[in-house]
Amino acid sequence: MAKPKFQTPTGMHDILPHNQPYYDKIYETVKKISSFYDFEKIDTPILEDFNLFVRSVGENTDIVEKEMFTLKTKGKDLLALRPEGTAPIMRSYIENGFVSLPQPVRLWYFGPFFRYEKPQAGRFRQFNQLGIEIIGEKDAIVDAQSILVMYSILQEIGLKDLVVKINSIGDEKCRPIYRKDLMKYLREKKNSLCSDCQKRMKTNPLRVLDCKNEKCQQVLVEAPQSVDYLCEECKKHLKDVLEYLDELKIPYCLESKLVRGLDYYTRTVFEIESTREESCGVVLAGGGRYDNLAKVLGGEEVSACGAAAGIERIVSEMKESKVKMPFSSVPEVFFTQIGPLAKKKSLPILEELRKSGFEVGESFGKDGLKAQLGKASRLGVKAVLILGQKEALNDMILIRNMQTSKQVEVSQKDIVKELKQILKEK
Ligand SMILES: [Zn+2]
Ligand SMILES: [Zn+2]
């Protein structure tokens, strides 16, 4: 088959009708669980000031260096298609004076994000993300709650084999000492690092820990670990988070190399991974604490914690682990019509049935009764309405009970009453 002239842009995809039930299920689950935990929904614009992400995510991150879609407006503003959700939400929190509301402010979101990634399986340039943020609380219980909410969402969606990987990267008090020691260690091993890491070690050494290159991984086996450098407060915070997870019986393991690469994280960082044999290690959600972000963006100091998950990855995990999906609703009633007058009178009758709460199928494009009845029996409906020329003239209609094959003629004004009766009969 010849390629069609127009296709979706590289790394972007249609969400086709047969995939929509997965998105609906995820959306409904996030909505239900986050509303139980008192989260309110927020939508921020797709486009934001380019510098919002440079300041928050960090200049020396892959997102800002390589992955942002940017555009200049006619008014010469430099904007970016949002690559992530936390910075825009903190921008909104500051801009709308949410700091004067009762704290913490709990928000959730669901929508498209954009990153100029190398095209590869499972990576999209336009992808969807869901996320939660708890802003205005420094207690470790909200770190545990962020993990709990994300974990519960994934479980409720139907993904059962999950583990939380967790680490603490300290705060402005203890992280600089760790950073210095890590840099010193990396400098000694510089020649064994990949070229990306040789650059990263100067600007953002923690990101070297993220490198998937095997040579780098080997170098890192003996690298200093952030948990050994935590100050008393950070140590206590991590201990508290882990104790909450113990109480919740959420399976977790400490992962000393987990840093999550974005500049705004402090203390807790975590990821939720699949432990299913075929997809073991696939990251389904991630998040952490970001106590400095508000200040970096020009607001007051506000403690916060949150998490996000990529929806495309969840959908593919749902499919692979054969999550049962609800069947799409099948109509109980099918409407058929014969002749031009009947056809004209069809739409108002269908409207009346819709308003009375019936699910009704039809096949208006086909005028032959046989073809229409064929579709009705394929759908397995319980009753068929037949509006012929004679019935249309007399304001009558035929109702055929498909289980008993009995057929009655009723007045059009009694359709609803009669149909309800027939659908009740077994
Ligand atoms: Zn590397
Ligand atoms: Zn600390």
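1. Let's start with a pocket. In the second largest pocket, the largest share of the lining, three residues, comes from helix α6. Please keep in mind, as you look around, that this is a predicted model.

2. How much space lies in this second largest pocket? About 280 Å³. Of the 17 residues that line the pocket, R175, R179, N204, L206 and D263 are the closest to its centre. Sorted by class, the lining has six nonpolar, five polar and six charged residues.

3. Now turn to the cavity. The structure holds one cavity of 30 Å³ or more, and the volume of the largest cavity is about 40 Å³. Its lining is made up of I169, G170, C174, R175, Y178, S226, Y229 and L230. Five of these residues are nonpolar, two are polar and one is charged. You may recognise R175: this residue lines the largest cavity and is also among the residues closest to the centre of the second largest pocket.

4. C174 from the cavity lining leads us to a metal site. Which residues coordinate the zinc ion (ligand 2)? They are D171, through OD, and C174, C231 and C234, each through SG, at 2.2 to 2.3 Å. The angles among the four donor atoms run from 89 to 125°, and the site is tetrahedral.

5. It is worth tracing those donors along the chain, where their spacing reads D-x2-C-x56-C-x2-C. D171 sits in the loop between β7 (162-168) and α6, while C234 belongs to helix α9 (residues 232-248), so this pair ties together parts that are 63 residues apart in sequence. Are D171 and C234 buried or exposed? Both are buried.

6. The other zinc ion to look at is ligand 1. Here the donors are the SG atoms of C194, C197, C211 and C216, at 2.2 to 2.3 Å. This site is tetrahedral too, with angles of 103 to 116° among its four donor atoms. As a reference for your own reading, the ideal angle for four tetrahedral donors is 109.5 degrees.

7. Along the chain, the donors of the zinc ion (ligand 1) follow the pattern C-x2-C-x13-C-x4-C. Why does the pair C194 and C211 tie together parts that are 17 residues apart in sequence? Because C194 lies in the loop between α6 (175-188) and α7 (195-203), whereas C211 lies in the loop between α7 and α8 (214-220). When you find C194 and C211 in the model, note that both are buried.

Notes
Residues numbered from 1 in each chain as written. Chains lettered and ligands numbered in written order. Predicted model: local features only at pLDDT ≥ 70, side-chain atom pairs only at ≥ 80, totals over all residues. Heavy atoms only, no water. Donors = N, O, S within 2.8 Å, 3.2 Å for Na, K, Ca; no water. Tetrahedral: all angles 85-135°; square planar, octahedral: opposite > 155°, others 65-115°. Helix = DSSP H or I, 4+ residues; strand = E, 2+ residues; numbered from the N terminus. Buried < 20%, exposed > 50% of the residue type's maximum accessible area, 1.4 Å probe, protein only. 1 Å grid on protein atoms, 1.4 Å probe; cavity = no way out; pocket = protein on both sides within 12 Å on 5 of 7 lines; lining within 4 Å. Points joined across faces, edges and corners; volume = space filled by probe spheres on them. Nonpolar A, V, L, I, M, F, W, Y, C, P; charged D, E, K, R; others polar.
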